[in-house]
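Welcome! Below are a few exercises to work through with the structure in view. Try each task yourself before you read its solution.

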Amino acid sequence: MLKLKVNEIEVEVEEGLTVLQACEKAGVEIPRFCYHEKLSIAGNCRMCLVEMEKSPKPIASCAMPAAEGMNIKTNTALVEKSS
């Protein structure tokens with residue numbers, strides 16, 4: 001199990017899940033258009049952008065694998081501006 005934070009909420013997820021799935025597990029709804037769990041990941045619509053600590057720009061949460069120690073923010077000015 002991987003431990004990470006989403007909006008300061010600590011969450012544990014199985015290895016192989018995406019940041020989007022980790023956010024959902026933390027109770028945070030991420031808007032999305034092109035993502036579906038039964039299809040290959042495209043990451044084209046960019047609706048699911050989130051801020052990741054130490055990343056210079058927002059990331060597509062549907063395409064980024066969750067990793068140990070990640071600190072994800074979904075409610076920052078940067079994310080709001082990018083949406």
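**Exercise 1. The overall build**

How many helices and how many strands does the protein chain have? Then find their order and describe the overall dimensions.

*Solution.*

Step 1. Before counting, note that this is a predicted model, where local features need pLDDT of at least 70, side-chain atom pairs count only at pLDDT 80 or more, and totals for chains, interfaces and linings use all residues. Residues are numbered from 1 along each chain as its sequence is written, and side-chain values use heavy atoms, with hydrogens and water left out.

Step 2. Count the elements: the protein chain has two helices and five strands. Here helices (H or I, at least four residues) and strands (E, at least two) are DSSP runs, numbered from the N terminus.

Step 3. Read the order from the N terminus: β-β-α-β-β-β-α.

Step 4. Turn to compactness. The radius of gyration is 12 Å, close to the 12 Å that the globule rule gives for 83 residues, so the protein chain is as compact as a globular protein of that length. This radius is taken over C-alpha atoms, and the globule rule is 2.2 Å times the number of residues to the power 0.38.

Step 5. Add the box: along the principal axes, the C-alpha atoms fill roughly 30 × 30 × 20 Å.

**Exercise 2. The nonpolar core**

Which residues touch the most other members of the largest nonpolar core? Work out which elements supply this core, and look at the surroundings of V13.

*Solution.*

Step 1. Fix the terms. A nonpolar core is a set of buried Ala, Val, Leu, Ile, Met, Phe, Trp, Tyr and Cys residues joined through side-chain atoms within 4.5 Å. Buried means under 20% relative accessible area, exposed over 50%, and partly exposed in between (1.4 Å probe, protein chains only). In the protein chain, 39% of the 83 residues are buried.

Step 2. Name the members with the most partners: among the 22 residues of the largest core, these are L4, V6, V13, V19, C23, I30 and I72.

Step 3. Trace the elements. Two or more core residues come from each of β1 (2–6), β2 (9–13), α1 (19–25), β3 (49–52) and β4 (59–60). Helix α1 gives the largest share, four residues.

Step 4. Zoom in on V13. Apart from neighbours within four places in sequence, V13 is in contact (heavy atoms within 4.5 Å) with M1, L2, L4, A22, K25 and A66.

Step 5. Place this in context: in soluble globular proteins, nonpolar side chains tend to be buried together.

**Exercise 3. Salt bridges**

How many salt bridges does a search of the whole structure find? Follow the ones that involve E8, then the pair K25 and E14.

*Solution.*

Step 1. The search finds four salt bridges, each a side-chain nitrogen of Lys or Arg within 4 Å of a carboxyl oxygen of Asp or Glu.

Step 2. Start at E8, which is partly exposed at 49% relative accessibility. E8 pairs with K5, with the closest N and O atoms 3.9 Å apart.

Step 3. Look at the other partner: K73 and E8 bring their closest N and O atoms to 2.5 Å. This pair links distant parts of the chain, since K73 is in strand β5 (residues 71–73) and E8 is in the loop between β1 and β2, 65 residues apart.

Step 4. Put them together: K5, E8 and K73 are linked in a network of salt bridges.

Step 5. Move to K25 and E14, whose salt bridge spans 3.6 Å, N to O. K25 lies in helix α1 and E14 in the loop between β2 and α1, so the pair ties together parts that are 11 residues apart in sequence.

**Exercise 4. N71 and the cysteines**

Is N71 buried or exposed, and why does C23 form no bond with C48?

*Solution.*

Step 1. Find N71 in strand β5. N71 is buried, with a relative accessible area of 13%.

Step 2. List the contacts of N71 beyond four places in sequence: K5, E8, E51, M52 and E53.

Step 3. Check the cysteines. The whole structure has zero disulfides, a disulfide being a pair of cysteine sulfur atoms within 2.5 Å.

Step 4. Consider C23, which is buried with a relative accessible area of 0%. The closest cysteine sulfur is in C48, 9.2 Å from the sulfur of C23, which is too far for a bond.

Step 5. Compare two further cysteines: C45 is partly exposed at 26% relative accessibility, and C34, in the loop between α1 and β3, is partly exposed at 22%.
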